[in-house]
Amino acid sequence: MVTATRLSSPVKELPVPVQVISRKEIEEYHSNDLATLLAEKLPEHFQKYPGALSSVSIRGFRTDTTGTDIKGHVLLLIDGHRSGTGNAAVIPLENVERIEIVRGPGSVVYGSAAMGGVINIITRKGKGKPSGNAGVEYGSWDYVKGRAGFSGGFFEDRLGISFAGRAITQGSYERGGGDKVENTGYNDQAYSLSLFAAPHQDHTFFAVGNFFQGWNIGTPDASYNPPNLTDNKDILRGYGSLDYDGAAPDLDLNWHLGYYGVLDRNRWNFPTSAYGYSDATTDAYTQGIRSHVAFPTFSLGRLALGFDWDRISVSSYTTPSGFGWSPDSHYDNFAFWGEEKIDWNRFTFLLGARYDLFREEILPTDGYGISGGAEQFDHVSWRVGLTYALLDWLTGRAAIGTGFRSPAADELCGRHVMGSWVKIVGNPDLEPETSTTYEAGLDAEFGGIKAGLGFFYTDYRNKISGGVPAVVDGDPSWTTYRNVDGAVLSGVEASGSYKKAFTLCDMPFSLRPFANLTWYTQRSIEDETFASILKTHTVPYVPLWDVVAGFEANFNRKVNFILSGTYVGEEKQEDFQYPSPTYGQAVDKGGFFVLSARISYRPSKSLEFYLVTENLADRDYGYVNGYPMPGRTIRAGLEARF
């Protein structure tokens, strides 16, 4: 594990629950993006929309899918670096080695936006015998996908290369029951290349470059509004990183230095120019440095001390220019942190603290009247945790940790005006949103059984709320932001799997049932003003239950079958249908169950045929009211390895 702490540790020594999705599982599920895979692996809420847009939730907090990840509460990483987006639908998986999901606050390691949890996408490193692959898929809604890749090591794995590329096109899909959802077509291409070099056994370099482009991606409006048959969007993402790891074994020292950069561009196209412009674009540039050194602390443990720097620049513009879309902004974040791991008898202690310093600025923006300004603030995060090996196969864990989300520049700084209807003044007295989480659990691994059971309680405070009336220079038509009471979230998390291997008809056979669930015992809004607007004290977009379960069967190492189901429980969602009598309030949304099946056949090591059926029962369902998901979807594929 490399995500829950900067001190690499086995999962059983971590005081927080961790879920790992292996390369084998990624290949077996044949999912095209992170959101699709996690929806069948992670028992949490997803806000999935047509148009390659999906947030991911952990423990009642979720990623932010617009602009940068600065306003998110769950953090997406690539190889330990910020991904520059909270939209899980734009992260391909073709060159991913594994995915590590850490539940609970990770701000002590990663800073802002890691309140509910952290998801780290770890890129493949070429190793072993060089091999290539090529494949093609066809499916429902005129779906076509082509892909190819190469991975391998050279010079006894001192040099490694891994490459993957793909292209996808798909027409508009039908919802469950057969009605077509117009303007839901999709096109993309994605490429990923990693280079690994170990010129010396104590010094390694790892470089990664990712490119993603989506175009003419349909963005239909909600089904309760008039059909939108023309609007679409384009997405362009470029990611690059270079990491160096070194060690001095004689001194028991190791260190890390890494740099990354991301461009995340989203362009919304409006062919009818209904708003006066034909397109609006947001560019988010994210870059940063990760560094640390780790050394022994006497005979008890190991201490890591580090420095991080992140810079985020956001700019927005329209065609033709002159229309306000979103204020431009600039962020610098400097952080110093330390983590201590202590092993004592059957105990493992993990202690950490982090100091973050932010400098944020709102910048002159075309189409806005900007009275710029810069603000600076700091914040301290901490975490303490322990594990205790009760038995060789049973471990207890407990932790207390804090998380935070920094105020965004437009919430904190200056003034911005657009026409007579947008007048917003920043509040320099805003505090970061904060949370404190208490949790405990048990993890077991014995005789093919893997199981975990835990409970968490989170006190969420200082939520940043907008639309607060303000008077500026005697003008009462302005609004601003302020901190309000947040929420209390608590729940039970459980997971289990059992793998049994035996012979059937004198051939090897294995069976693995699995289940993973989250049950919320509290979803209570503490801000009475917000609760009075929603007409409920239940936090919206947090289902009471979320369950993923199923089984995997393998026969003769040639045929593999997976049947999996996802249940999303009842929840509250805000009503955005105008003019509904409950507009702006929270309404009930019923739960749903979706079943999927996958079967693959390998007549030889170099050839695989597979069939994927999603939404097997053709359910008419959606994660968000008014945005139906595809009905029964079938994809058939062929992959050759050489």
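Reader: In which strand is Tyr-460 found?

Author: Tyr-460 is found in strand S26, residues 449-461. Note that this is a predicted model.

Reader: Why is Tyr-460 called buried?

Author: Its relative accessible area is 10%. Buried means under 20%. The value for Tyr-460 falls under that cut-off, so Tyr-460 counts as buried.

Reader: What is Tyr-460 in contact with, leaving aside its neighbours within four places in sequence?

Author: Its contacts include Phe-61, His-73, Met-115 and Glu-433. Thr-434, Ser-435, Gly-486 and Ala-487 are also in contact with Tyr-460. Contact here means heavy atoms within 4.5 Å. Take Met-115: it lies 345 residues from Tyr-460 in sequence, and the two are 9.2 Å apart, C-alpha to C-alpha.

Reader: Now the cysteines. Why is Cys-413 called buried, and what makes Cys-505 exposed?

Author: Cys-413 has a relative accessible area of 0%. The limit for buried is under 20%, so Cys-413 is buried. Cys-505 stands at 66%. Exposed means over 50%, so Cys-505 counts as exposed.

Reader: How many disulfides does a search of the whole structure find?

Author: Zero. To count, a pair of cysteine sulfur atoms must be within 2.5 Å. The search finds no such pair.

Reader: What makes a set of residues a nonpolar core, and which members of the largest one touch the most others?

Author: The members must be buried, of the listed nonpolar types, and joined through side-chain atoms within 4.5 Å. The largest core has 59 residues. Leu-34, Leu-38, Ile-99, Ile-101, Ile-119 and Tyr-623 touch the most other members. Helix H2, residues 34-38, gives the largest share of this core, with four residues.

Reader: Which residues does Leu-34 touch, not counting those up to four places away in sequence?

Author: Leu-34 touches Leu-76, Ala-88, Ile-91, Leu-93, Ile-99, Ile-119 and Ile-121.

Reader: What is in the second, separate core?

Author: That core has 13 residues, including Ile-362, Tyr-368, Phe-377 and Met-418.

Reader: How do you know that S33 and S36 pair?

Author: Pairing needs at least two bridges. Strand S33 (559-568) and strand S36 (592-604) are joined by 10 bridges and run antiparallel. That meets the cut-off, so the two strands pair. Phe-561 has Ile-599 in S36 as its bridge partner.

Reader: What joins S36 to S37?

Author: Six bridges join S36 to strand S37 (607-614), and the strands run antiparallel. A hairpin also links S36 to S37 through two residues. Arg-598 stands opposite Val-612 in S37.

Reader: Why does one side of S1 and of S6 lack a neighbour in the sheet?

Author: The open sheet has five strands in the order S1-S7-S8-S5-S6, with mixed pairing. S1 (18-21) and S6 (81-82) stand at the edges. Each has a single partner strand, so one side of each is left without a neighbour in the sheet. Further in the order come S7 (96-103) and S8 (117-123), antiparallel and joined by seven bridges. Glu-100 has Asn-120 in S8 as its bridge partner.

Reader: What makes a space a cavity, and how many of 30 Å³ or more are found?

Author: A 1.4 Å probe must fit but be unable to get out. The search finds six of 30 Å³ or more. The largest has a volume of about 830 Å³. Its lining has 38 residues, with Asp-33, Thr-36, Lys-48, Glu-614 and Pro-630 nearest its centre. Among the elements that each supply at least two lining residues are H2, S36 and strand S38 (633-641).

Notes. Residues numbered from 1 in each chain as written. Predicted model: local features only at pLDDT ≥ 70, side-chain atom pairs only at ≥ 80, totals over all residues. Heavy atoms only, no water. Buried < 20%, exposed > 50% of the residue type's maximum accessible area, 1.4 Å probe, protein only. 1 Å grid on protein atoms, 1.4 Å probe; cavity = no way out; pocket = protein on both sides within 12 Å on 5 of 7 lines; lining within 4 Å. Points joined across faces, edges and corners; volume = space filled by probe spheres on them.
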